[in-house]
Amino acid sequence: MSTSKLYMSIYEEIKGKIASGEYAPGTKLPSEHEFCVIYDTSRGTIRNALDLLVEEGLVNRHPGKGVYVLDNNAIAFSFGGLVSFKEASESSGQKFQTSVPYFEEITITDKLHERTKLPLGATAYCLHRVRELDGERIILDINYFLKEKVEGLTKEIAERSIYDYIEQQLGHKIGFAQRVIQVEPATAKDREHLIMKSYGFVVVVKNYVYMHDGELFEYTESRHHPERFVFTDFARRR
């Protein structure tokens with residue numbers, strides 16, 4: 001196995017142990033030397049794996065003391081990564097479900113082009129997805145996907161994971177996203193699909209998502225119930 005594949009494999013294994021609670025919040029991880037023995041590899045490979053965990057905000061290095069697991073129990077989505085709702089929910093251990101009350105093939109008009117930045121005149125899938133966590137409807141996703149990049153998309157696929165379909169079935173590589181986060185008044189559609197209680201506003205995350213080659217293929221408005229979701233970032237002073 002190449003060095004890059006090895007440290008990614010080690011990173012994924014340690015990350016899995018953090019997610020499962022084997023390495024609980026506040027736990028000191030084995031030392032670099034101990035990890036070298038566990039995985040029968042070099043210290044440089046271990047450091048690369050730990051660097052990824054640090055960058056993701058899962059652990060923190062305490063000089064002279066070691067590497068400790070951070071408390072990420074409240075994290076649903078991290079601004080530092082690009083993950084699907086399914087991936088975020090599974091990592092949190094919560095029960096999730098997606099329903100798709102609206103699914104249509106449309107043409108990107110002038111108005112939609114201005115809103116989504118998708119190519120004018122292009123054919124796209126437009127769908128609404130309602131996200132449930134532990135039986136409570138907390139997110140309304142309004143999605144636009146370029147048809148040429150997500151050919152064959154169906155309502156059934158959208159109920160599972162569109163990103164899994166894109167990457168595993170179509171073989172495309174999703175690259176990065178630009179995000180805009182703002183608070184907006186709740187709309188009639190929000191009140192129809194989400195359990196708003198007395199809240200009169202939602203947190204809206206607008207995602208412009210690009211393939212690995214830099215081509216925009218998705219625009220999504222994720223409209224979140226303000227009480228249930230926490231968005232986090234992890235910043236380190238250099």
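Buried here means under 20% relative accessible area. Keep that cut-off in mind on this tour of a predicted model.

**Stop 1: helix 2**

Select cysteine 36. Its relative accessible area is 14%, so it falls under the cut-off and counts as buried. Now widen the selection to helix 2, residues 32–39. Glu32, Phe35 and Tyr39 are buried there along with Cys36. Look down the helix axis. The buried residues fall within an arc of 105°, so they line one face of helix 2. Turn to the face that points away from this buried side. Val37 and Ile38 sit there, and both are exposed. Step just past the end of helix 2 to aspartate 40. Its phi is positive, about 50°.

**Stop 2: from helix 2 to helix 3**

Keep glutamate 32 on screen and add arginine 43. Their side chains form a salt bridge, at 3.6 Å from N to O. Arginine 43 belongs to helix 3 (residues 43–55) and glutamate 32 to helix 2, so this pair ties together parts 11 residues apart in sequence. Arginine 43 is partly exposed, at 39% relative accessibility.

Next, add arginine 47. Glutamate 32 meets this side chain too in a salt bridge, at 2.8 Å from N to O. Arginine 47 is in helix 3 and glutamate 32 in helix 2, so the pair links parts 15 residues apart in sequence. With 42% relative accessibility, arginine 47 is partly exposed.

How many salt bridges does a search of the whole structure find? The search gives 13. More of them come at the last stop.

**Stop 3: the nonpolar cores**

Select Ile106, Ile108, Leu118 and Tyr144. In the largest nonpolar core, which has 21 residues, these four touch the most other members. Which elements give two or more residues to this core? They are strand 5 (123–133), strand 6 (136–146), strand 8 (201–211) and strand 9 (216–224).

Center on isoleucine 106. Set aside its neighbours within four places in sequence. Isoleucine 106 is then in contact with Leu112, Ala122, Thr123, Ala124, Cys126 and Tyr144. A second core lies apart from the largest one. This other core has 18 residues, including Ile14, Phe35, Ile46 and Ala49. Phe35 is also one of the buried residues of helix 2.

Stay with Cys126 for a moment. Is cysteine 126 buried or exposed? Its relative accessible area is 5%, so it is buried. Color the sulfur atoms if you like. A search of the whole structure finds 0 disulfides.

**Stop 4: strands 7 and 8**

Show strand 8 as a ribbon. Of its 11 residues, 10 are buried, so strand 8 is largely enclosed by the rest of the structure. Bring in strand 7, residues 174–185. The two strands pair in the antiparallel sense over 11 bridges. To see one position, select arginine 179 and asparagine 207. Arginine 179 stands opposite asparagine 207, which is in strand 8.

**Stop 5: strand 9 and its partners**

Add strand 9. All 9 of its 9 residues are buried, so strand 9 is largely enclosed by the rest of the structure. Strand 8 pairs with strand 9 in the antiparallel sense, over 8 bridges. Asparagine 207 has a bridge partner here as well: threonine 220 in strand 9. Tyrosine 210 is partnered by leucine 216 of strand 9. Now follow the chain through the hairpin of strands 8 and 9. There are 4 residues between the strands, and glycine 214 takes a positive phi near 95°.

Then show strand 6. Strand 6 runs antiparallel to strand 9, and 7 bridges join them. Select phenylalanine 145 for one example. Its bridge partner in strand 9 is glutamate 218.

**Stop 6: a charged network**

Finish with arginine 223 and glutamate 221. They form a salt bridge, with the closest N and O atoms 3.4 Å apart. Arginine 223 has a relative accessibility of 4% and counts as buried. Glutamate 221, at 7%, counts as buried too. Now expand the selection to Arg115, Glu184, Asp190 and Lys206. Salt bridges that share partners join these residues with Glu221 and Arg223 into one network.

Technical notes
Residues numbered from 1 in each chain as written. Predicted model: local features only at pLDDT ≥ 70, side-chain atom pairs only at ≥ 80, totals over all residues. Heavy atoms only, no water. Core = buried A, V, L, I, M, F, W, Y, C linked by side-chain atoms within 4.5 Å. Buried < 20%, exposed > 50% of the residue type's maximum accessible area, 1.4 Å probe, protein only. Contact = heavy atoms within 4.5 Å. Pairing = 2+ DSSP bridges. Arc of directions from axis to C-beta. Disulfide = S-S within 2.5 Å. Salt bridge = Lys/Arg side-chain N within 4 Å of Asp/Glu carboxyl O.
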